[in-house]
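Biologist: I should like to go through the salt bridges and the main pocket of this protein. Could we begin with the terms?

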Amino acid sequence: MKRVETLQRLKSAGVIAVVRGNSKEEAVKASSAVVKGGMKGIELTFTVPNADKAISELVEMYKHESEIVIGAGTVLDAITARLAIMAGAEYIVSPNFDKDTAELCNLYQIPYLPGCLTITEMKEALKAGVDIIKLFPGSAYGPSIVSAFKAPMPQLNIMPTGGVSLENMENWFNAGVVAVGVGGNLLAPVANGDFDKVTEVAGQYMEKFHQIKGA
């Protein structure tokens, strides 16, 4: 049931922070700032130096807060996926679909969210057992594409990443996505060391999310 529970927590989190950083310490601090702002979903990317250690640190930090779900992003192959899973990552995100990674995640009952941009890629991902498709980059299409994809495959669960903002987030959810990934505009203040601003922006995203969901 672990996989089902993680998927439900991702859906409940709604807005997933895509955290990058120039160091492990910076990424952990940025993640903490995001959580302080009310976000429950963290996708720590493997572009961060020592990403596996950062994930381990975050998992330990929030082990008593069951709503918070920590995953690994920018996972390009099955070897990196296993490294992330052994570090405690609860879900795996890729910029592209990789069958070997999908099979490994299935083996460990870990949700795999691969980046797809075409209906063909999405079909192959579904065949490999993928539960949530990461529409990446979302900016290539916009919210209106969701209904076009779901027309022939209404069973698609889509999470757009790239191009999601406070201004268009409601349009994405109204189009039928299960969650959204946000990174650039949320984490931009990190470049200036302004982690309080990250917390503020995270709070704005969550306030908007709760408005959309009527919670």
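Modeller: A salt bridge is a side-chain nitrogen of Lys or Arg within 4 Å of a carboxyl oxygen of Asp or Glu. Please bear in mind that this is a predicted model.

Biologist: How many salt bridges does the structure hold?

Modeller: Each pair has to meet the limit of within 4 Å between nitrogen and carboxyl oxygen. By that rule, the number of salt bridges in the structure is 10.

Biologist: Which residue forms a salt bridge with E90?

Modeller: E90 lies in the loop between helix 4 (78–86) and strand 4 (92–94), and its partner is in helix 1 (residues 2–13). The two are 81 residues apart, so the pair links distant parts of the chain. The closest N and O atoms are 2.8 Å apart, and the partner of E90 is R9.

Biologist: Is E90 buried or exposed?

Modeller: The cut-off for buried is under 20% relative accessible area. R9, the partner in the salt bridge, has 21% and is partly exposed. E90 has a relative accessibility of 18%, and therefore counts as buried.

Biologist: In the salt bridge of E25 and K24, what is the distance from N to O?

Modeller: The partners sit on opposite sides of the accessibility cut-offs, because E25 is exposed at 52% and K24 is buried at 18%. Their side chains meet with an N to O distance of 3.9 Å.

Biologist: What separates K127 and E124 along helix 6?

Modeller: K127 and E124 form a salt bridge, with the closest N and O atoms 3.7 Å apart. K127 is exposed at 60% relative accessibility, while E124 is partly exposed at 33%. Because they are 3 residues apart in helix 6 (residues 119–127), the separation is about one helical turn.

Biologist: Which residues do salt bridges with shared partners join into one network?

Modeller: The pair of E25 and K24 described above belongs to this network. Through shared partners, the network consists of K24, E25 and E57.

Biologist: Turning to the largest pocket, which helix gives the most to its lining?

Modeller: The largest pocket holds about 340 Å³ of space. Among its 22 lining residues, those closest to the centre are V18, R20, G183, G184 and L187. Strand 8 (180–182) and helix 9 (184–187) each supply at least two lining residues. With 3 residues, the largest contribution comes from helix 9.

Biologist: How many charged residues does the lining of the largest pocket have?

Modeller: The classes to set beside them are 9 nonpolar and 10 polar residues. The number of charged residues in the lining is 3.

Terms used:
Residues are numbered from 1 along each chain as its sequence is written. This is a predicted model: local features need pLDDT of at least 70, side-chain atom pairs count only at pLDDT 80 or more; totals for chains, interfaces and linings use all residues. Side-chain values use heavy atoms; hydrogens and water are left out. On a 1 Å grid over the protein atoms alone, a cavity is a set of points where a 1.4 Å probe fits but cannot get out, and a pocket is an open set with protein on both sides within 12 Å along at least five of seven lines; lining residues have an atom within 4 Å of a point. Grid points are joined across faces, edges and corners, and a volume is the space filled by probe spheres set on the points. Helices (H or I, at least four residues) and strands (E, at least two) are DSSP runs, numbered from the N terminus. Ala, Val, Leu, Ile, Met, Phe, Trp, Tyr, Cys and Pro count as nonpolar, Asp, Glu, Lys and Arg as charged, and the others, Gly among them, as polar. Buried means under 20% relative accessible area, exposed over 50%, partly exposed in between (1.4 Å probe, protein chains only).
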